[in-house]
Amino acid sequence: MSSKTDAAGKSKDEFLANKPADMTLDQWITSWENQQIGFHLTSVHEMLEKHLHLMLNGREKIRVFIPLCGKAVDMKWLADMGHTVVGAELSELGIKQFFTEQNLTYVQESVPGAPNVEVFKTPEGRISLFRCDIFDFSMIIAGQFDGVWDRGSLQALSTADRQRYSKLMITLMAKGCQYLLDTLVCTNKDYNGMPPKISEAETRSLYGHACNVQLVDSTDKLSGKQESWGLESFIEEVHLITLKSDSS
């Protein structure tokens, strides 16, 4: 798989082996231990590169949050530009692999008042990765953010957890925050291997009460490979989410 290949380039076995909505927290840890991480990219995500200007919105050295961050190389790329990057990831192995693979030294610390949370960070604090369940993360622990890069995190959650997740994410948005939400829309009337379609209506329902939701990209990724799996559509969507209070 080339470094630019996203989920659309996975083999069928990889695709079926990584069914985020079916995963328990223990299964997620096990997937990292077995290195079943077909979702990981070895280069910066093309949608982040394409739409970074929207998240920055003319600003420099902003504070960016990346939920369910894994060992995404996007974090080092953003930090090298001078931004401060904060990630949340359940797998300690994934976090340690990030620092090792990016040749970064780090310190590991407990988080006062949060017994289920640890933080791994570079000595100067440019990158801080919190080892925790995303629902143990909060603005009390890490403050609010100027930007969010959310690649597949919402879709990785079960439908029942999405409302809780969106409420959490809204609390993490500082005034002027520019939130990029990237999702894959996969549909087949008989196929249950991926999470249910996240429709435009659902995205607006999850965020629209407090945020403006703008579809900024919808790219068809359907190829013969996905058609052979029985998929009828394979579309990558990017929404820009901003607080309504910023425009009032």
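What share of the contacts in the protein with a separation of 6 or more is accounted for by residues 24 or more positions apart? In this predicted model, such pairs account for 69% of those contacts. The protein has 10 helices and nine strands, and buried residues make up 50% of its 248 residues. The paragraphs below follow the chain through a helix, a loop, a run of paired strands and, finally, a pair of crossing helices.

Helix 3, spanning residues 46–56, is a convenient place to begin. Its buried residues are Met47, Leu48, His51, Leu52, Met55 and Leu56. Leu52 offers a closer look at this helix. With a relative accessible area of 9%, Leu52 falls under the 20% limit and therefore counts as buried. Once its neighbours within four places in sequence are set aside, Leu52 is in contact with Trp77, Leu78 and Met81. Leu52 also has a distant partner in sequence: 128 residues separate it from Leu180 along the chain, yet the C-alpha atoms of the two are separated by 8.6 Å. After helix 3 comes Asn57, whose phi is positive, near 50°.

The loop between strand 1 (63–67) and helix 4 (74–80) holds two residues worth a visit, Leu68 and Cys69. Leu68 is not a glycine, but its phi is positive, near 45°. Its relative accessible area is 28%, so Leu68 is partly exposed, a class that lies between 20% and 50%. And Cys69, is it buried or exposed? At a relative accessible area of 6%, Cys69 is under the 20% cut-off and is therefore buried. Not counting residues up to four places away in sequence, Cys69 touches Met75, Gly87, Ala88, Glu89 and Leu129. In the case of Leu129, the two residues are 60 apart in sequence, with a C-alpha to C-alpha distance of 8.3 Å.

A further positive phi outside glycine is found at Asn103, with a value of about 55°. Asn103 sits in the loop between helix 5 (92–101) and strand 3. Its relative accessibility is 71%, and because the threshold for this class is over 50%, Asn103 counts as exposed.

From here the chain enters a series of antiparallel pairings. Strand 3, residues 107–111, pairs with strand 4, residues 114–121, in the antiparallel sense over five bridges. In this pairing, Val107 stands opposite Lys121 of strand 4. Two residues lie between the strands of this hairpin, and Gly113 takes a positive phi near 80° there. Strand 4 in turn pairs with strand 5, residues 127–131, again in the antiparallel sense, here over four bridges. Here Val119 stands opposite Phe130 in strand 5. Strand 4 and strand 5 form a hairpin as well, with five residues between them. In its turn, Gly125 has a positive phi of about 80°.

Further along, helix 8 (residues 159–171) meets helix 9 (residues 200–207). How do the two helices cross? Their axes come within 9 Å and cross at roughly 50°. Because this angle lies between the roughly parallel and roughly perpendicular ranges, helix 8 is oblique to helix 9. The crossing of helix 8 and helix 9 is right-handed. On the side of helix 8, the contact is made by Thr159, Arg162, Gln163, Tyr165, Ser166, Met169 and Ile170. Their counterparts in helix 9 are Glu202, Leu206 and Tyr207. By type, the residues of this contact divide into five nonpolar, three polar and two charged.

Helix 9 is also the place of Thr203. The relative accessible area of Thr203 is 1%, which is under 20%, so Thr203 is buried. Leaving aside neighbours within four places in sequence, Thr203 is in contact with Leu181, Ile198, Gly208, Val213 and His239.

Notes. Residues numbered from 1 in each chain as written. Predicted model: local features only at pLDDT ≥ 70, side-chain atom pairs only at ≥ 80, totals over all residues. Heavy atoms only, no water. Axes fitted to C-alpha atoms, helices over the stretch in contact; angles between N-to-C directions. Parallel < 35°, antiparallel > 145°, perpendicular 65-115°, else oblique. Left-handed = near helix turned anticlockwise from the far one by under 90°. Contact = heavy atoms within 4.5 Å. Nonpolar A, V, L, I, M, F, W, Y, C, P; charged D, E, K, R; others polar. Pairing = 2+ DSSP bridges. Buried < 20%, exposed > 50% of the residue type's maximum accessible area, 1.4 Å probe, protein only.
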